[in-house]
There are 2 protein chains.
Amino acid sequence: MEDVARHAGVSAQTVSRVLGRAELVSAATRERVEAAIHELNYIPNGPARHLASSRSRTVVAIIPTLATSVYAEEVSSIMAVLEKEGFTTLLGNSDHSLEREEHLISSFLERQPDAFILTGLTHSPRAMKLLSSSGVPIVETWETDGVPIDMSVGFSNIDAGRSLAEVLIAKGYRDFGFVGGRLDIEPRARQRHQGFASALAVAGLRPATVVEVPAPASSLDGVIGFNQLRQQAPETEVVFFSADGLAIPALLDCQRRGIKVPGDIAICGFGDYDLATIVDPPLTTVRVEAAKMGTAAAQLILRRLKDGVGAKQRVDVGYRVLVRGST
Amino acid sequence: MEDVARHAGVSAQTVSRVLGRAELVSAATRERVEAAIHELNYIPNGPARHLASSRSRTVVAIIPTLATSVYAEEVSSIMAVLEKEGFTTLLGNSDHSLEREEHLISSFLERQPDAFILTGLTHSPRAMKLLSSSGVPIVETWETDGVPIDMSVGFSNIDAGRSLAEVLIAKGYRDFGFVGGRLDIEPRARQRHQGFASALAVAGLRPATVVEVPAPASSLDGVIGFNQLRQQAPETEVVFFSADGLAIPALLDCQRRGIKVPGDIAICGFGDYDLATIVDPPLTTVRVEAAKMGTAAAQLILRRLKDGVGAKQRVDVGYRVLVRGST
DNA sequence: TTGTACGCGTTATCAT
DNA sequence: ATGATAACGCGTACAA
């Protein structure tokens, strides 16, 4: 910076101004400084700026996994919004583990991030303590069934599961199955199941047969879980998969084996993946706005960071049950 | 740090040593310091450490997109390896654009990264200049058909395309089609096509009919591109898609419309996605080691960073043509 | 509109 | 084995 200043015949401070608050510098000197910056290929030192200003222009985003397309989508949206405002995203994947999430939070804190975007409302006690004592804004995504630490963007997984079940019950289905992530460690799979189960209970139907698959789930897990369910409960009329990534492979497996969908068994998923409308029959599923959640989360952060302490906003992006041919 | 030092009855410098080079501190004082750190919930200030040490423990990774599962896989592997060594990954997606890549490189440079992991061997002139003048280690991935700036991990896309074509020719196919990313801006799609085309030429066959789809390609683009190809060249016997993400939707579309695969038309992809073995018939494709590339790239970086300037290593992870039922 | 003095929290260097 | 001192490169506060 000193070099640039000398080159432009000004003080280092003026160079700093051109970089940060250019409106405080006269047009003439600004141009001279910019020319010098360009000529010397000057690149500001982020860590030093950060140390002096105590703002890192960094946001941490922690998601369960990149292997699930909806989270990848969300991350892309977060990064796109933040990048435009000159913020860098620090990405971490928790592998659906609260311990890993805690570890990530604790190690990311050293980078002095300006904000956190987390997935879900459940965190380890130490993670909660670390977050609250850091004092930075936090957005929790993908869940509204609970109390956020600060801000939140999501939808009710319980309501979504319930709505889906209600639609299926109205269509006349009576024997239900559920294939999904481990209910004890995946809160959102649990909530979807919970809503689903409560609708069955209200309708006086027997509970769904449950088959849990390990995380991270692969396509094969969808097929395996599906077949396990059919063996356990052959009378099952319709299976709810907690993610399209499981439902689509199961649907394809039916095709291959000549099992008629929805004639022999009906299938529905969650997430409305790209392929849901391409498979035959198209997949009944629940649309969730992953990209919108990412965008909204990033925007909430930016607004808070700009306007100072605002309201503890909670955004509900909703969900939509999409009834297609597979039920 | 001053607080911790007081609490432990030592100087700040000793606290710094416990954090960085604990072996230089006696066991007794180390324990006292560690206790103080724990008690005060002291979190070191990363930016300050960087400023003082001129090491950021940060690696930039730039990929084309997170929406393609192979890149998401690669990123996960990179992050897993780097995280274990205390490094943070700064992720950027170029959207298959050299201009965006250049912009990302230039803005990430402010963070003073210790290394870069890039996708492909093609970069804008300014990007090349920025990278070389930064002086940090660079690993280029996914391509070996060309000269890397520094280190590289990948495979020959040209050879992969050629091998696939040779296998298909040996099976008796004579009329070929190609559906893939825009050949003018996606070097790897171009190379795969180039190898494919050269094998056809060697065999004295007419060139493949080419249909280009825009990036980022969706499942629907696979279907659309496929149908466009069939309309343009109805005599086509086999179609090579530059990615499974396009081939699988096309295959599903055939099923839906009663087109027999491979009887009426054969299909092959690239990448060996999860679903490739689940669809019916299973998809002939080319397996590439995305996770292994990520791991290897991260390890090359770590080794270079530890052992100082080493050889300009080039790792070829190879590829494997997997002939399945779809051809 | 521009410049000067100082401090941000840490590590490197040298001394003890 | 430990401590004192001087950077690291920049932004803030204030003065001119």
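This report describes a helix pair in chain B, the contact between chains A and B, and the surroundings of DNA strand C.

The model is predicted: local features need pLDDT of at least 70, side-chain atom pairs count only at pLDDT 80 or more, and totals for chains, interfaces and linings use all residues. Residues are numbered from 1 along each chain as its sequence is written, while chains are lettered from A and ligands numbered from 1 in the order in which they are written.

Helices α2 (residues 12-20) and α3 (residues 27-40) of chain B, where helices are DSSP runs (H or I, at least four residues) and strands likewise (E, at least two), numbered from the N terminus, pack with axes 10 Å apart at an angle of about 90°. Axes are lines fitted to C-alpha atoms, for helices over the stretch in contact, and angles run from 0 to 180 degrees between N-to-C directions. The pair α2(B) and α3(B) is therefore roughly perpendicular (65 to 115 degrees). On the α2(B) side Thr14(B), Val15(B) and Val18(B) meet Thr29(B), Arg30(B), Val33(B) and Glu34(B) of α3(B).

Between the chains, 38 residues of chain A are in contact with 39 residues of chain B (C-beta atoms, placed from the backbone, within 7 Å). Elements giving two or more residues to the chain A side include α5 (69-84), β2 (88-93) and α10 (219-232).

Around DNA strand C there are 23 residues, of which Gln13(A), Met1(B), Ser16(B), Asn45(B) and Ala52(B) come nearest (near: C-beta atom, placed from the backbone, within 6 Å).

The classes are nonpolar (Ala, Val, Leu, Ile, Met, Phe, Trp, Tyr, Cys and Pro), charged (Asp, Glu, Lys and Arg) and polar (the others, Gly among them).

| Surface | Residues by class |
|---|---|
| Contact of α2(B) with α3(B) | 3 nonpolar, 2 polar, 2 charged residues |
| Side of chain A that touches chain B | 18 nonpolar, 13 polar, 7 charged residues |
| Surface near DNA strand C | 12 nonpolar, 10 polar, 1 charged residues |

Notes. Angles under 35 degrees count as roughly parallel, over 145 as roughly antiparallel, 65 to 115 as roughly perpendicular and the rest as oblique. Two residues are in contact if their C-beta atoms, placed from the backbone, lie within 7 Å.
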